[in-house]
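Biologist: I am new to this structure and would love a close look at a single part of it. Could you pick one strand, walk me through its surroundings, and then place it among the chains?

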Amino acid sequence: MFKLEKKDAILLLIVALMLIFAPFILNPFPENSGLAQFNAGYPDLMQRFVFFGIFAIGFNILFGLTGYLSFGHAIFLGVGSYAAIWVMKLLTMNILLAIIVAIIISGLAALVIGWISLRRSGIYFSIITLAFAMMSFALAYSVLTPITGGETGLQPKVTDPRILDSALLAGDTPKANLFGLDMTATYNWQVGDWVFTFNVGYYVAAILMFLCFYLSIRIFSSPFGMMLRAIKSNQQRMNYSGLNSKPYTLAAFVISGMYAGLAGGLMVAMDTQVGPERMFWTASGEVVVMTILGGAGTLVGPFLGAGLIKYMENIISKINVGVLHDWFYWLPDWLENFVVTIIYPFVGKGWNLTLGVIFMLVVIFIPGGLVEGIRRIINWFVKRKNISASREITDSDNMQQAGEIQQAGEEAASRGKNNG
Amino acid sequence: MEAIILQIMNGLDKGSAYALIALGLTLIFGTLGVVNFAHGALFMIGAFCAVTLNKILNLGYVTIDPTQTDFLGNPLKVKIPYVYNIFGENIGNIIIDWSVPLAILITIPIMVIIGVIMERGLIRHFYKRPHADQILVTFGLAIVLQEIIKYFYGANPIPTPAPEAFSGTFDFGKMIGLKAHSIIYPYWRMIYFIFAAVIITAIFVFLKFTTFGMVVRAGMVDRETVEILGINIDKRFTIMFGIAAAVAGLAGLMYAPIISPNYHMGMDFLVISFVVVVVGGMGSLPGAVLAGFLLGMLESFASMSVVLNILPGLNQIIVYLVAIIILLVRPRGLMGRKGVMED
Amino acid sequence: MAEAAKNIVLHIADVHKSFGGLHALADVDLAVEEGKTHAIIGPNGAGKSTLLNVIVGKLEPTRGKVVLDGELLTGKKPHEINQMGVARVFQTPEIFPELSVLDNVMISAFAKRDGAFKLNIMNSLESETDIQEKARKIIIDFGLDKQINEHSGALSRGHKRRLELAMCLIQEPRLLLLDEPTAGMSRHDTSTTIDLLKEIKSTGMTIVIIEHDMHVVFSVADKVSVLAGGRIIAEGSPEEIRASEKVKKAYLGEAQ
């Protein structure tokens with residue numbers, strides 16, 4: 001399928017199914033139950049999964065493959081957003097053009113910033129990108145106010161020229177659309193106690209995310225992707241093997257910048273507004289955290305990491321003292337209060353603390369992120385199963401057969417390790 | 001002339017803070033080879049040591065003072081800090097007034113302990129891991145520390161006054177024989193600069209003239225040889241980490257009256273301090289100090305209204321702009337050694 | 001000149017290299033003939049590594065030039081020099097430790113086919129059958145077929161050396177540079193490496209080898225140049241060098 005290896009094709013299919021059925025998967029709890037607050041199947045959040053999924057998948061092409069840790073990728077998210085909003089103000093509310101322009105402009109920005117930053121490697125590179133991030137934020141926040149709208153940001157107004165669109169009626173608001181298809185259009189489907197929401201904007205974004213994921217698979221399994229891994233592994237050998245590592249890293253930087261630009265453009269396509277905080281350096285830090293948490297250098301890791309963080313951000317930050325007491329009402333009072341006191345700093349406004357702790361634990365114990373964690377668990381199960389299987393047979397005095405099974409088990413375990 | 005001196009002096013306090021943080025970063029980097037993204041958090045914790053002591057000293061109980069009345073004619077409720085009971089009212093007042101400098105006494109041990117725990121408990125396990133992992137784990141730690149402070153102290157800045165005696169300004173212009181009222185400068189900023197200068201000198205003297213310092217410097221250049229000589233360099237490096245943490249803490253503590261501490265001040269200063277370290281030259285202690293003051297002053301010159309009228313917002317980007325330019329034309333920074341952190 | 005008739009592959013002409021006041025190389029003239037193995041020996045600090053780094057473009061000579069088949073190498077970058085046909089083996093094998101043996105060799109093969117940079121994302125690695133086959137063949141030739149899918153970082157030192165040689169030779173270089181290929185090897189690994197080098201030599205490859213181990217030098221070299229204090233103090237066949245008093249002195253001088 002699509003010139004992919006079987007393993008990659010299956011992965012792509014799984015992601016496609018997840019994207020299509022997300023409104024069901026993310027809304028497992030009935031609308032009126034107490035657990036409904038854990039539902040994530042509303043358009044706003046689903047869209048954010050996709051935006052940050054794209055952002056992280058792109059970032060992973062740079063960091064996961066080449067090992068260059070950029071602390072400035074939110075710049076391109078912001079540049080993409082500003083480019084898209086200007087298209088919407090000046091040309092048309094059709095998001096297709098806005099997104100295309102967002103990708104091109106952020107690609108150009110990435111070319112310039114990458115060309116400068118990539119003159120250095122290692123920590124220097126990280127710090128230069130961080131300096132660019134701070135500078136870009138300051139530019140957007142104050143210096144370039146005429147272009148960026150400063151602190152308040154920008155949004156399309158009725159009075160904007162929009163030369164490609166027909167004029168709006170007075171009192172009409174400009175709506176983001178794809179050839180007339182309204183991005184905010186939503187259909188609610190009620191099944192018993194469950195409500196499933198289908199949103200046009202989400203599905204448009206999901207299609208783009210699917211394409212992004214496909215491209216990422218292609219890059220990972222291409223000679224180009226192998227060269228990027230070679231950069232991470234040993235640049236000296238690369239140069240003495242006749243390869244120029246500079247254009248490879250720059251290409252990876254620009255591609256990941258374009259992914260970020262697409263994500264930024266999509267954000268604007270869905271909520272038609274932008275502010276400078278989108279390119280604050282913490283936003284760059286966030287995509288780093290997402291990628292690492294999910295598993296840098298793996299295909300699905302960044303997407304998983306982005307989803308997990310955005311889910312936790314939305315759900316955990318909603319939990320307050322009242323909710324906690326509701327959960328632990330069955331405990332004796334003193335214990336209930338104690339448990340609530342312990343948990344409270346980590347929920348609600350303290351969700352960043354939870355994030356920080358989880359992030360540290362992942363970096364310390366499972367540097368490969370969630371994907372490596374899952375792989376380890378699977379391997380552990382496979383091994384255990386084999387050991388117990390071989391033991392049973394040993395008991396029945398059939399030593400030879402046991403040996404064979406054990407061997408087969410070990411092979412399976414090592415295969416699991418190599419494939420995953 | 002006066003305007004120039006004024007801008008130089010305006011850059012001193014920030015420059016001092018940058019220099020102190022950058023000095024600590026460089027010490028840690030030079031000794032342990034670790035890029036510590038949590039260093040800004042140490043600066044912030046130092047500032048919150050001042051906040052905490054100030055709060056503790058102001059703790060008290062409410063009593064009714066029969067000798068005074070409020071505007072309704074009722075007896076006035078007054079708050080009596082517990083320190084009054086211990087030291088009497090006069091000395092108690094002085095102690096409260098001087099809470100920021102007094103906090104130095106508690107801050108040094110606290111910061112050294114935090115630093116040693118950080119190094120032994122966490123960072124030690126990352127020496128052999130890639131630099132990216134070191135950045136990531138200390139970045140995670142910075143988030144955690146910052147959020148803990150936010151949980152206990154809230155998100156708003158907490159004003160923490162300098163002692164009454166130093167809260168005003170003085171006429172520096174007149175002092176050095178220029179026109180009166182031409183250079184009005186706050187006392188505390190001057191004190192901060194002097195304080196920073198003393199600490200920086202102390203660190204350099206310590207490294208230059210003590211055996212401990214010489215071993216550490218030798219270890220910075222060639223760790224293996226020092227280890228072959230049978231010297232336990234690990235232990236000394238741990239202590240250096242503690243010292244670097246204390247320097248960051250003191251820098252933050254004394255900065256409390258200038259900025260009103262908030263939970264994200266650490267990150268704000270850290271990012272610039274990194275720029276300072278890179279501009280000064282990774283691994284160079286004098287470079288860190290020099291670049292700290294230079295960038296602090298540059299920032300203050302860029303915020304002159306003359307400049308801002310021509311290039312609005314320049315003060316916010318000048319540091320980064322200069323950093324990027326310096327790295328392009330002089331990749332090793334102002335005083336960097338060759339081959340440090342090249343990959 | 002007479003030299004031209006013998007078909008010179010590499011010509012180092014009047015090369016000087018100084019670091020500050022220190023002259024690492026002075027008046028170095030060297031001509032490597034096609035199909036011959038030219039050894040450069042000398043005591044520590046004689047400038048052997050500097051000379052090698054000048055050839056591959058890591059260092060630029062202060063004066064003089066390096067020419068490969070009439071084309072100037074001086075001033076070019078390492079990857080350009082490799083693309084012109086110079087492959088280098090390092091003292092400690094430089095490979096891609098995180099990648100498999102097959103990937104390591106394929107990277108080299110891609111560099112030969114696609115040049116210094118190509119944004120090749122339209123093909124998957126599996127669909128590059130030509131490169132795959134070529135790489136597998138050379139891996140088998142070098143006796144690494146059992147380790148073909150292993151992480152190359154996990155190989156033994158001897159195997160890493162073989163892998164590095166395979167990576168160089170898949171590029172069919174005009175000139176192969178070897179920097180102490182047996183340094184740190186056991187006697188057994190050294191002797192298998194000598195056999196390997198002899199085999200490579202028998203294909204007509206032009207080789208420049210820097211070596212400490214005289215046993216290796218006298219086993220494979222056709223011609224030997226002795227470098228001391230940055231100058232070539234003697235040049236000739238292995239037998240001539242073995243007999244030279246001047247060379248003995250230079251080495252004894254080091255020993256004292």
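Modeller: Happy to! One term helps at the start: two strands pair if DSSP finds at least two bridges between them. Please keep in mind that this is a predicted model. Let us look at strand β7 of chain C, which covers residues 175-179.

Take its neighbours in turn. Strand β6 of chain C, residues 86-89, is joined to β7(C) by 4 bridges, and the two run parallel. Within that pairing, C:Val89 has C:Leu178 of β7(C) as its bridge partner. Strand β8 of chain C, residues 206-210, is also parallel to β7(C), with 5 bridges between them. Here C:Leu178 turns up again, with C:Ile209 of β8(C) as its bridge partner.

Now for the side chains. In a regular strand they alternate between the two faces of the sheet. In β7(C), C:Leu175, C:Leu177 and C:Asp179 point one way, while C:Leu176 and C:Leu178 point the other way. Are these residues buried or exposed? All of them are buried, and the count for the strand is 5 of 5 residues. For a residue to count as buried, 20 or more other C-beta atoms must lie within 10 Å of its own.

What links β7(C) to β8(C) in the β-α-β unit? The helix is α7 of chain C, residues 187-202, and together the three elements make a right-handed unit.

Stepping back, we can see how chain C sits beside the other chains. It meets chain A through 31 of its residues, which are in contact with 25 residues of chain A. On the chain A side, the elements giving two or more residues are α8 (200-220), α9 (223-233), α10 (235-240) and α11 (245-271). Of these, α9(A) gives the most, with 7 residues. By class, that side of chain A has 11 nonpolar, 9 polar and 5 charged residues.

Chain C does not touch chain B, and the nearest C-alpha atoms of the two are 13 Å apart. Chain B is instead in contact with chain A, through 33 residues from chain B and 35 from chain A. On the chain B side, α6(B) gives the most, with 14 residues. That side has 25 nonpolar, 4 polar and 4 charged residues. Of the 2 pairs of chains in contact, A and B share the most contacts.

How values were computed: Residues numbered from 1 in each chain as written. Chains lettered and ligands numbered in written order. Predicted model: local features only at pLDDT ≥ 70, side-chain atom pairs only at ≥ 80, totals over all residues. Contact = placed C-beta atoms within 7 Å. Nonpolar A, V, L, I, M, F, W, Y, C, P; charged D, E, K, R; others polar. Buried ≥ 20, exposed ≤ 12 C-beta atoms within 10 Å, placed from the backbone. Right-handed = clockwise from strand over helix to strand, strands pointing away.
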